[in-house]
Amino acid sequence: MRIYAIAVFLFLYVPIGIIVLFSFNAGRHASELRGLSIQWYGKALSNPFVGDAFVTSLIVAFSVAILSSLMGTAAALALQRLKGTPRVLFDGLIYISVMIPGIVIGIATLVALVTVFDFLNPLLASIWPEGSKPPKLRMGYASVIAAHTLFTMSLVIILVRARIAGMDRALIEASMDLYATPWRTFYQVTLPQIYPAILAGFLLSFTFSFDDFIISFFVAGANTTLPIYIFSSIRRGITPEVNAIGTMVLAASLILLMTAQFLLRKRTRR
Amino acid sequence: MSKSDDNKPITAKKFMQYFRSYEKGSITRRHFLGVTGLGTAMTVMGTAMPSLWSGKAHAFGDLGDRMVFSTWPNYQNQVNLDEFSAMTGVNIQVNAFGSNEEMLAKLQAGGTGWDVFVPTNYTISNYVALDLIQELDLSRIPNYDPDANNPKFAGPATVNGKVYCVPKNWGTTGFIVNTKKIKSGPKSWKDFFDVTMGKGSGHTILHDYQLTTIGAALCALGYSFNSIDAKELAEAEALLIKSKPHLFAITSDYQPGMRSTDAWMSICWNGDGTQLKNDMPEMDYVIATDGGEIWTDFYAIPKDAPHLDAAYAFINYMQDPYVQARDAAVHGYAPTDSRAIALQPDSLGSDPILHPAENLMNGLEFGAAQTLTDPIRAEVMARFKSA
Amino acid sequence: MKVDNKPGRWLTAALLAPTSMWFVFMLIFPLIVILVFSFGERAAVGGYAAGFTLEQYANLPSRLKAFQNTMVIAPAGTLLSLLVAYPLAYYLALRVSRRFKLMLLVLVIVPFWTSLLVRTYAWIFILGGRGIPTLLEFIGIEGVRLINTPGAVLIGIVYGYLPLMVFPIFVSLEKLDKTLLEASSDLGSSPFKTFMQITLPLSMPGIATGCMLVFILLMGEFLIPAFLGGGKVFFIGNALVDLFLQSRNWPFGAAVSVTLVVIMLITVSLYMRMVMRSKTGRDESLM
């Protein structure tokens with residue numbers, strides 16, 4: 001069992017090892033190793049577009065994760081109380097939004113927004129006071145975040161709902177019987193129980209959004225997220241700069257992980 | 001007072017410092033060995049060049065700090081881009097595309113954020129018709145000299161008497177052969193497909209680009225590269241689908257596959273042929289005897305370019321003959337500008353891949369505007385890919 | 001009973017409002033637009049021209065191979081991911097001490113934080129001519145080609161989506177009441193029997209969720225076939241990107257999208273019915 005786990009971890013990490021190794025490549029082509037150097041880290045760090053793309057991705061992923069965990073959890077809780085046709089309708093929508101492939105979401109959102117913008121922009125321009133420049137609706141942060149959130153929000157609903165289903169109902173009833181306010185019941189009884197699911201949903205939403213290429217590719221407009229930047233770099237003839245970026249993102253998440261682990265351990269010891 | 005000092009454009013001394021450091025950067029590259037002399041000339045001339053030098057105080061005033069440049073893979077000298085950034089403070093984001101269709105699709109969807117892009121000759125009238133590119137104000141591109149450019153190449157830039165772009169360079173579309181792996185010496189597109197389906201099975205790359213891939217198949221069948229005849233296209237489709245099981249890949253980024261020797265043969269643009277041959281002498285670039293493409297790429301500015309000043313400054317910089325020559329030394333395509341050609345080292349000026357003999361080019365055609373937009377061609381390519 | 005009062009109803013509505021808004025503007029509306037477009041015509045220079053024709057749907061057979069590829073490789077990839085992921089999730093959930101559990105779990109997710117693009121690119125190198133085939137030549141096996149084959153795409157799929165499969169299975173195994181397992185072995189059941197009768201059925205919801213997630217993402221996959229299939233292993237996703245970004249045939253792209261959505265609806269409904277019919281599948285865990 002343990003050997004198997006080690007094998008799977010190797011499978012997961014050998015390609016990453018290769019990425020890291022080649023990020024120290026002194027040569028220009030990513031496919032052949034020609035001595036070691038850290039020049040590509042310097043290049044990546046001094047490249048403002050890498051920084052821009054990283055920040056864009058972080059903003060998008062955080063917004064998506066926060067929006068989906070809040071909205072998803074709220075909806076999951078409310079759905080417990082919903083019955084009849086609205087319930088069926090909602091279940092259907094959740095089901096469809098999770099099921100539709102990202103590429104269709106990307107394309108449908110693009111086509112729909114382009115159509116709406118083509119209709120609204122002249123309208124806006126015509127009613128706008130003369131002399132000032134009318135605003136122009138276009139793809140940007142809002143469209144990516146909204147498109148990502150559709151999927152991740154439903155993901156959170158599913159995760160949280162599964163947790164609620166497996167939750168001990170007796171506790172809630174006991175709390176109610178003891179005349180706790182609904183808010184208190186939620187805060188002290190429900191939330192601690194569904195918390196792991198919300199956290200899992202948050203993490204999944206974040207990673208989904210941070211890593212998504214295809215939806216962003218269609219609806220990000222002039223914004224460049226990290227995956228879009230990397231895709232473009234690979235197409236322009238990959239240089240070890242991309243490896244350096246990948247390595248830095250990996251290192252950052254590892255540091256985060258270790259800090260979290262360290263803090264947790266410290267707390268449990270106390 | 002000190003504030004106004006900060007705002008001063010780059011000083012002469014600083015400029016030379018920047019310049020030298022980038023020269024150093026260029027010398028370490030193998031590709032540049034042949035052009036170091038050129039680089040030195042550039043430094044000397046740079047001081048005397050009005051466009052690069054004295055005009056900078058105004059021209060480089062407030063260009064912002066970034067711009068987006070959409071172009072093709074392996075198509076620019078990084079040293080030029082770095083130098084432009086160092087001189088103007090404008091950082092350049094380079095996007096690489098696989099086909100003109102893809103650029104067109106992006107521009108049609110809108111909101112690209114591009115400032116400068118590199119369309120090919122046959123696309124320009126389409127862009128103008130769709131109102132996607134700007135008419136250029138040539139007074140802002142003083143480095144561009146219309147008289148120095150061969151009208152055969154520069155012609156498509158002018159639509160209805162208005163100039164929409166300036167030439168970057170021209171080239172041919174043929175194929176590249178790894179002669180260590182394929183010894184039969186294919187000379188035509190017919191040979192190309194025969195070898196693909198014969199001895200070289202599993203090791204050929206076709207472009208992910210209808211114009212060149214369908215064009216190659218059409219030439220192999222003895223038709224025009226530009227054909228939009230339904231019957232001829234159906235035959236080309238049949239040939240492509242028949243060859244599909246024998247392909248290594250369908251991709252416009254064929255250099256990695258050729259370099260790793262996974263692929264032995266690929267449709268190829270001549271400059272990429274030079275780049276490959278520089279590193280691997282066994283690579284042979286072939287202009288097919290049964291036809292092919294000759295083309296010019298241009299610099300153009302999309303209608304909604306967010307950094308217009310930077311875009312003009314960049315195009316003007318890239319039109320400088322020395323910069324052009326230095327660009328060509330890396331990407332291996334021939335400038336259309338006679339001033340730049342004059343600056344090329346003899347080895348490049350007489351290079352048969354860069355400047356093929358006229359008789360070899362007789363069979364080559366410029367791509368036609370309707371070749372790009374023809375719905376049958378688009379659909380044939382899409383069917384071939386999903387076959 | 002207690003919640004079925006008026007303020008409760010308002011609260012429910014308020015909690016559902018943002019989600020409903022999202023569904024209307026980001027799901028229903030775009031899908032209607034796509035449906036309308038799928039009956040239109042391709043404009044002369046590409047894009048969409050209004051019209052009413054069934055031409056786009058009649059042209060669907062020209063993408064048969066892409067549909068076939070997707071319909072074969074997506075389920076195969078899902079199954080393969082499950083087979084690789086389950087033992088790992090089991091190990092993490094039941095065999096690892098609390099102290100390392102979180103760390104190992106995050107280690108499964110961390111690769112997910114490195115761009116899928118970069119990781120897939122690493123596989124181009126590993127599977128390419130200078131990677132594994134060269135190693136195989138050393139031990140005498142020659143002429144192996146991995147890159148740009150369905151096999152390469154499958155490897156990329158398992159690699160890319162493993163964390164997504166491990167996570168839900170882990171969650172469902174984590175939830176599992178360990179006293180049940182102990183009781184089972186105390187009653188003399190063999191480990192295999194315990195697994196088949198208790199662990200596996202109870203982890204079904206996780207398996208179902210994981211498989212569905214991976215399957216859905218695979219049905220729309222674009223990157224992995226594009227990188228590891230070299231344009232030769234073509235998915236619907238690739239055909240769609242092609243239609244929108246190369247041939248600019250929006251109406252046909254819309255028709256292919258609609259068809260893909262319909263196929264998804266049918267397959268996933270059948271799948272869910274199957275899961276629910278099996279005695280242990282609990283619908284709450286799925287949906």
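# Reading a three-chain model, term by term

Analyst: Let's start with chain A: 53% of its 270 residues count as buried. Keep in mind that this is a predicted model.

User: What makes a residue such as C:Trp250 buried?

Analyst: The cut-off for buried is under 20% relative accessible area. C:Trp250 has 12%, so it's buried. You'll find C:Trp250 in helix 12 of chain C, residues 250-277.

User: Which residues is C:Trp250 in contact with, leaving aside its neighbours within four places in sequence?

Analyst: Its contacts come from two chains: A:Val111 and A:Val114 from chain A, plus C:Phe37, C:Gly47, C:Tyr48 and C:Phe244 from chain C. Take C:Tyr48: along the sequence, C:Trp250 and C:Tyr48 are 202 residues apart, yet their C-alpha atoms sit 5.5 Å apart in space.

User: How do you know whether C:Leu60 is buried or exposed?

Analyst: Same routine. C:Leu60 comes out at 16%, and buried needs a value under 20%, so C:Leu60 is buried. C:Leu60 is in a loop, the one joining helix 2 (55-58) and helix 3 (64-95) of chain C. Beyond four places in sequence, C:Leu60 touches C:Phe67, C:Phe252, C:Ala255, C:Val256 and C:Thr259.

User: How far apart in space are C:Leu60 and C:Leu80?

Analyst: From C-alpha to C-alpha, 29 Å, with their positions 20 residues apart in sequence.

User: And why is B:Asp131 called partly exposed?

Analyst: Partly exposed runs between the 20% and 50% cut-offs. B:Asp131 has 45%, so that's the label it gets. B:Asp131 sits in the loop between helix 7 (124-129) and helix 8 (151-154) of chain B. Its phi is near 60°, a positive value in a residue that isn't glycine.

User: What about C:Asn148: is it buried or exposed?

Analyst: Buried. Its relative accessibility is 5%, and that is under 20%, so the label follows. C:Asn148 also has a positive phi, near 65°, without being glycine. Its loop lies between helix 6 (132-138) and helix 7 (150-175) of chain C.

User: Why is B:Thr296 called buried?

Analyst: Its relative accessible area is 0%, which is under the 20% cut-off, so B:Thr296 counts as buried. B:Thr296 belongs to strand 11 of chain B, residues 292-300. The residues it touches more than four places away in sequence include B:Pro119, B:Trp170, B:Thr336 and B:Phe366.

User: What does the side chain of B:Thr296 reach at 3.2 Å?

Analyst: The backbone oxygen of B:Phe153. A polar contact takes a suitable N or O pair within 3.5 Å, and this pair is at 3.2 Å, so the distance fits.

User: Which residues touch the most other members of the largest nonpolar core?

Analyst: A:Phe218, B:Phe314 and C:Leu92, out of 287 residues in that core. Chain B feeds the core from two domains, with at least three residues from each of domain 1 (2-169 + 297-349) and domain 2 (171-294 + 357-386). In soluble globular proteins, nonpolar side chains tend to be buried together. Outside four places in sequence, C:Leu92 is in contact with C:Lys101, C:Leu104, C:Leu105, C:Val108, C:Val166 and C:Phe170.

User: How does the radius of gyration of chain A sit against that of a compact globule?

Analyst: For 270 residues, a compact globule would come out near 18 Å, but chain A has 23 Å. Its C-alpha atoms fill a box of roughly 70 × 65 × 30 Å along the principal axes. As for what's in the box, chain A has 11 helices and zero strands.

User: What about chain B: how many helices and strands are there?

Analyst: Chain B has 20 helices and 12 strands. Of its 387 residues, 62% are buried.

User: Where in chain B is confidence lowest, and where is it highest?

Analyst: Lowest in helix 1 (residues 2-7) of chain B, with a mean of 38, and highest in strand 3 (residues 116-117) of chain B, at 96. Across residues 1-59 of chain B, pLDDT stays under 50. Where pLDDT is low, the predicted coordinates should not be read in detail. For the whole of chain B, the mean pLDDT is 82, and 84% of residues reach 70 or more.

User: How many residues of chain A reach 70 or more, as a percentage?

Analyst: 94%, with a mean pLDDT of 84 for the chain. Among the elements of chain A, helix 7 (residues 169-177) has the lowest mean, 75, while helix 3 (residues 48-79) has the highest, 91.

Conventions:
Residues numbered from 1 in each chain as written. Chains lettered and ligands numbered in written order. Predicted model: local features only at pLDDT ≥ 70, side-chain atom pairs only at ≥ 80, totals over all residues. Heavy atoms only, no water. Core = buried A, V, L, I, M, F, W, Y, C linked by side-chain atoms within 4.5 Å. Buried < 20%, exposed > 50% of the residue type's maximum accessible area, 1.4 Å probe, protein only. Domains from an automatic or database assignment. Contact = heavy atoms within 4.5 Å. pLDDT = per-residue confidence, 0-100. Helix = DSSP H or I, 4+ residues; strand = E, 2+ residues; numbered from the N terminus. Polar contact = N/O pair within 3.5 Å; in protein donor to acceptor, adjacent residues only side chain to side chain. Rg over C-alpha atoms; globule rule 2.2 N^0.38 Å.
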